[in-house]
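Reader: Before we discuss this model, please show me the sequence and the structure, and then explain how each label was assigned.

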Amino acid sequence: MPAIFNKEQEEAITHKEGPLMVLAGPGSGKTLVITYRVKWLIENAGVHPSNILVITFTRAAAEEMRKRFFAFDGMENAPVTFGTFHSIFFMILRYAYRYTAGNIIREDVKRRYIKEMTENMELEIEDEKEFLSGIINEISYVKGEMMSLSYYHSSNCSDELFAQIYEGYERRLREENLIDFDDMLVFCYELLKERKDILAMWQQKFQYILIDEFQDINKVQYEIVRMLAGKGDHLFIVGDDDQSIYRFRGARPEIMLNFPKDYPGAAQVVLDKNYRSTEFIVKRSQCLIHHNKKRYEKAISTDNEKGAPVAIRGYKNPREEMRAVAEELREAEKNGCPYEEMAL
């Protein structure tokens, strides 16, 4: 392997048989590891590119991964599949049910449907926009968890009214032959669970599955992956439980914590060298995250310069905080730091 990899990165890239969990700390080169892993599978393990599936959470991340991989010599036309969970699962549904983009409900239409259903209900709403967003998020959460409405307690309205909204929304979708993004997951799960022939076809197609940002996976996504991966011999997951911030929209970091139980004997590699941040930032972040006891232990380190000390400040209220931040940005610009080099 080229000298550009450290020992742990090389171990992950060249892993041979069995499921592998890569615990990738921030700035540890996880995208590099995934793209070179795909290249290694093709060139060294004899895997046909069309049998490799790489899944990530956003279109931007999938596109970045695709661009990096296709930049390798000889890989410009390799038919590796890169995509988001939604795009991959919709592709499976499209083959089975002949769905098109026209069957996917637009966000503005979704809001209109729910608004129309709630107009005649006895609801005390202070902020309609916030209420509709809250209901939409709750519907998404219930679907993603594959949860019975009888077990769900709404935080935006009474459980009875939420059930009416949910069921009315679902009825409207079916009448209009529409699906939303959560249906893509649920319908794909139901299809693969009920049709073993279709499942076998996709298992044959995607023999090697690599998943990025695994800490953000939800229940239905994981159940589909488990079906597609079969025994999991060629399942390669990359993530960092310390960076899971999407529980509010259904992410289940405990799935990553329980991965070794689901796949006994799964190998584990820890990428603990940070190439992005200064020593001050790395050390302070470790001081904070070590208070969390339900996590994989990772001793992140860096060889980068110490950098400026991390400043920790408290404010009485958001308005005071915003004023202080704005003033700090202006002061930094006066002292020669251009705005385009700042991040908030």
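**Labels and their grounds**

Reader: Why is Ile281 called partly exposed?
Author: This is a predicted model, in which local features need pLDDT of at least 70 and side-chain atom pairs count only at pLDDT 80 or more, whereas totals for chains, interfaces and linings use all residues. Residues are numbered from 1 along each chain as its sequence is written, and side-chain values use heavy atoms, leaving out hydrogens and water. Ile281 has 42% relative accessibility, and partly exposed lies between buried (under 20% relative accessible area) and exposed (over 50%), with a 1.4 Å probe and protein chains only, so Ile281 counts as partly exposed.

Reader: Why is Lys110 called buried?
Author: Its relative accessible area is 7%, set against the limit of under 20%, and therefore Lys110 is buried. Lys110 sits in helix α5 (residues 107-118), where a helix is a DSSP run of H or I with at least four residues and a strand a run of E with at least two, numbered from the N terminus.

Reader: What is Lys110 in contact with, leaving aside its neighbours within four places in sequence?
Author: With those neighbours set aside, Lys110 is in contact with Ile105, Ile136, Tyr169 and Asp180, contact being heavy atoms within 4.5 Å.

Reader: What makes β4 and β5 a pair?
Author: Two strands pair if DSSP finds at least two bridges between them; strand β4 (residues 208-211) and strand β5 (residues 235-239) have 3 bridges, in the parallel sense, so they satisfy that definition. Ile209 has Leu235 in β5 as its bridge partner.
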